[in-house]
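Terms such as sheet, buried and core are easy to repeat and harder to justify. The questions below ask what stands behind each of them in the model shown here, which is a predicted one.

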Amino acid sequence: VTGASFVVFNGALKTSSGFLAKSSIVEDGLMVQITPETMESLRQALRDKKDFKITCGKTDAGDIKEYVDICWVENEEKTNK
């Protein structure tokens with residue numbers, strides 16, 4: 001679990017890169033590089049206020065362990081401020 005001050009979603013990751021998605025820490029935030037298709041799915045999930053999970057790592061990796069979860073919560077008091 002990583003706490004961050006901001007999140008940047010970059011929808012310019014090419015499918016030919018060999019990655020499903022890439023995440024990296026940038027200063028005190030998180031940058032997530034995703035494909036244009038994933039970006040469109042993320043936008044729709046945000047419009048619909050639905051949770052969304054981004055799987056990060058190489059496309060040919062067997063045991064992918066890194067995820068970026070976007071979760072809607074009922075009570076904002078339990079989230080980072």
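Q: What makes the order of the strands in this open sheet, and how are they paired?
A: In this predicted model, 5 strands lie in the order β1-β3-β2-β4-β5, and their pairing is mixed. Neighbouring strands of the sheet are turned against each other by 35° on average, with direction ignored.

Q: Why are β1 and β5 said to stand at the edges?
A: Each of these two strands has a single partner strand, so one side of β1 (7–10) and one side of β5 are left without a neighbour in the sheet.

Q: How do you know that β2 and β3 pair?
A: Two strands count as paired if at least two bridges are found between them. Strand β2 (residues 19–26) is joined to β3 by 6 bridges, and the two run antiparallel, so the requirement of at least two is met. Within this region, Ser 24 stands opposite Met 31 in β3.

Q: Why is Ala 21 called buried?
A: The word applies under 20% relative accessible area, and Ala 21, which is found in strand β2, has a value of 1%, so the name is justified. Leaving out residues up to four places away in sequence, Ala 21 touches Leu 13, Gln 33, Ile 34, Ile 54, Thr 55, Cys 56 and Gly 57.

Q: What makes up the largest nonpolar core?
A: This core has 12 residues, among them Ala 21, Leu 30, Met 39, Phe 52 and Val 68. The elements that give two or more residues to the core are β3 (29–34), α1 (36–47), β4 (52–58) and β5 (66–70).

Q: How do you know that the length of α1 agrees with what a helix should span?
A: At 1.5 Å a residue, the 12 residues of α1 should span 16 Å, and the end C-alpha atoms of α1 are 17 Å apart, which agrees.

Q: Why can the buried residues of α1 be said to line one face of the helix?
A: Met 39, Leu 42 and Ala 45 are buried in α1. Seen down the axis of α1, its buried residues fall within an arc of 125°, so they line one face. An α-helix has 3.6 residues a turn, so residues three or four places apart point the same way. Glu 37 and Arg 47 are exposed on the other side of α1.

Q: What do the buried residues of α1 pack against?
A: They pack against β1, β3, β4 and β5. Met 39, leaving aside neighbours within four places in sequence, is in contact with Phe 9, Asn 10, Gly 11 and Ile 34.

Note on methods
Residues are numbered from 1 along each chain as its sequence is written. This is a predicted model: local features need pLDDT of at least 70, side-chain atom pairs count only at pLDDT 80 or more; totals for chains, interfaces and linings use all residues. Side-chain values use heavy atoms; hydrogens and water are left out. A nonpolar core is a set of buried Ala, Val, Leu, Ile, Met, Phe, Trp, Tyr and Cys residues joined through side-chain atoms within 4.5 Å. Buried means under 20% relative accessible area, exposed over 50%, partly exposed in between (1.4 Å probe, protein chains only). Helices (H or I, at least four residues) and strands (E, at least two) are DSSP runs, numbered from the N terminus. Contact means heavy atoms within 4.5 Å. Axes are lines fitted to C-alpha atoms, for helices over the stretch in contact, and angles run from 0 to 180 degrees between N-to-C directions. The expected span of a helix is 1.5 Å times one less than its number of residues. The arc is that of the directions from the helix axis to the C-beta atoms.
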